[in-house]
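Welcome! Please take a look at the sequence and the structure below, and then we can walk through a few parts together.

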Amino acid sequence: MTTTRIDLVRASLGERELQAVAEVFRSGWPAGQGPQGKALETRLKSLYNVADAVAVSNCGAALDLAMATLGVSPGDEVIVADYTFPAPAQSVLHVGATPVLVDVLADTGTIDPEAVQAAVTTRTVGIIAVDTLGLPADYDELQKIADRHGLFVVEDAACAVGATYHGKPAGSLAEIGCLSFHGRKGLSSGEGGAVLTADPDRGQDVRRRSSFGIGSIFELGQVVGLPIPEFTGPGHNYKLSDIAAAILRVQLDRMDELLARRVAVADRYTEMLDGQDLWTVPRVPADRTHAWQSYMVTLDPRVDRAAVATDLRAQGIGCGHGAWATHTQPAFATDRTCPVSADLFRRNLAIPMHAELSVSDVEKVVQAFVQAVRTNVDDRTQAGRLR
Ligand SMILES: *Cc1c(COP(=O)(O)O)cnc(C)c1O
């Protein structure tokens, strides 16, 4: 039997990206906030139609910078979507504040606006919504709640580069948007991220905070004389290298092409897998589009997910559990419960999703998946329930 490996995720990096890296080597400035970083930020600004875009080392850094520039401090509560890679809750802990984990909607996996409203207290300062696995949250409803209570909204669009909500690009749907260009996301420079903001002063503050609290060393080097950079405030080193920025400029050129390929894979999966009783496929509301960082199938409780995963992996087909129910993780121990999120965490299975999948790969995955589920159903549970 031949086993061709079909990866769960795979970055689409090729010759053009290599050429761009070679140019950076020749330029002599591989570090951050140089000409490549500047060009990338200009590009992001116009692509997203935002006041400013700051290139940073990853989305975790982007979220940390968002919390810092918004002045979130100990004693504050920030409402955070529970079902996600738990980076948003981490960023709240990093500034000594309390993440208040809130449940998600069963059909989209995005933060439940009613649960957000119910979680607001006098200590609440803001909301971090997550575009779950590439699908934007309900920003109109969230913004209304935020306006009513004087809260900020931060959009964690780590998985959603290329998605839209009411025709606007994910990442520009709140006062601060955070992007990821990690190797497992739709566009990638290995590691990378960005902070997008509607407020130019906020952008400048974030840029300084991403660079030890001083301005761009590259820019200072272009000035006549001996300018000594001034440390004007607190800051980390969260800069994106110009090597990564150069790769990302190529990836942004390829955004439509790479997204179209993911959408084609998702459409084919949905076509082939929809309408079954042992699993459900993702639902995309009509007012938004999905960037398909992951394609998640929700298995019926009768299906043994770990056994399905074992069967798929034995055939060289990648799969994963997807996101986490943050409140179940020891780092975020809380009395709050988020039953929908916990349920998705138990039942969701991510099947291969990336731009390099062929038509026959997709068919192989579907065939293997259907087979694996059918052989790993606990019929006694069903029988027990029917009796
Ligand atoms: C991947 C991911 C992050 C972290 O992104 P990095 O660029 O790896 O730091 C943050 N939030 C969400 C929702 C993610 O999926």
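## Helix H2 and its two sides

Thr-42 and Ser-46 are the exposed residues on the face of H2 turned away from its buried side. This is a predicted model, so to speak of H2 is to speak of residues 35–48 as the prediction places them. The buried residues of H2 are Gln-36, Gly-37, Leu-40, Glu-41, Leu-44 and Tyr-48. They sit on the same side of the helix because they cover an arc of only 135° around the axis of H2. A general rule helps here: an α-helix has 3.6 residues a turn, so residues three or four places apart point the same way.

How far apart should the ends of H2 be? With 14 residues at 1.5 Å a residue, H2 should span 20 Å, and its end C-alpha atoms are indeed 20 Å apart, which agrees. Just after H2 comes Asn-49, whose phi is positive, at about 55°.

## Helix H1, a similar story

Next, try the same reading on H1, which runs over residues 15–27. Its 13 residues should span 18 Å at 1.5 Å a residue, and the end C-alpha atoms lie 19 Å apart, which agrees. In H1, the buried residues are Glu-17, Ala-20, Val-21 and Val-24. These cover an arc of only 100° around the axis, so they are on the same side of H1.

Which elements do the buried residues of H1 pack against? Their partners are H2 and helix H9 (242–253). On the other side of H1, you will find Glu-15, Leu-18, Phe-25 and Arg-26 exposed. Just after H1, Gly-28 takes a positive phi of about 85°.

## Around the ligand

Now turn to the ligand, which has 14 residues around it. Of these, the nearest are Cys-59, Gly-60, Asp-156, Ser-180 and Lys-185.

Several polar atoms of the protein can be picked out beside ligand oxygen atoms. For Asn-58, a polar side-chain atom lies 3.5 Å from an oxygen atom of the ligand. Gly-60 offers a backbone N or O atom at 2.9 Å from a ligand oxygen atom. In the side chain of Ser-180, an N or O atom is 2.7 Å from an oxygen atom of the ligand. Taken alone, the ligand exposes 380 Å², and the protein buries 89% of that.

## Thr-69 in helix H3

Is Thr-69 buried or exposed? Thr-69 belongs to helix H3, residues 59–69. Its relative accessibility is 9%, and buried means under 20%, so Thr-69 counts as buried.

The side chain of Thr-69 makes a polar contact of 2.7 Å with the side chain of Asp-205. Leaving aside neighbours within four places in sequence, Thr-69 is in contact with Ile-176, Arg-202, Asp-205, Val-206 and Arg-209.

## Helix H7

Helix H7 covers residues 200–209, and its buried residues are Gly-203, Val-206, Arg-207 and Arg-209. Seen down the axis of H7, they fall within an arc of 165°, so they line one face of the helix. The cover over these buried residues includes H2, strand S1 (52–56), H3 and strand S10 (193–197).

At the N-terminal end of H7, Asp-199 acts as a cap: one of its side-chain oxygens lies 2.9 Å from the backbone nitrogen of Asp-201.

Note on methods
Residues are numbered from 1 along each chain as its sequence is written. This is a predicted model: local features need pLDDT of at least 70, side-chain atom pairs count only at pLDDT 80 or more; totals for chains, interfaces and linings use all residues. Side-chain values use heavy atoms; hydrogens and water are left out. Helices (H or I, at least four residues) and strands (E, at least two) are DSSP runs, numbered from the N terminus. The expected span of a helix is 1.5 Å times one less than its number of residues. Buried means under 20% relative accessible area, exposed over 50%, partly exposed in between (1.4 Å probe, protein chains only). The arc is that of the directions from the helix axis to the C-beta atoms. A residue is near a molecule or strand if one of its heavy atoms lies within 4 Å of it. A polar contact is a pair of N or O atoms within 3.5 Å; within protein, one must be able to donate a hydrogen and the other to accept it, and residues adjacent in sequence count only if both atoms are side-chain atoms. Accessible areas come from the Shrake-Rupley method with a 1.4 Å probe; for residues, only the protein chains shown count as cover. Contact means heavy atoms within 4.5 Å.
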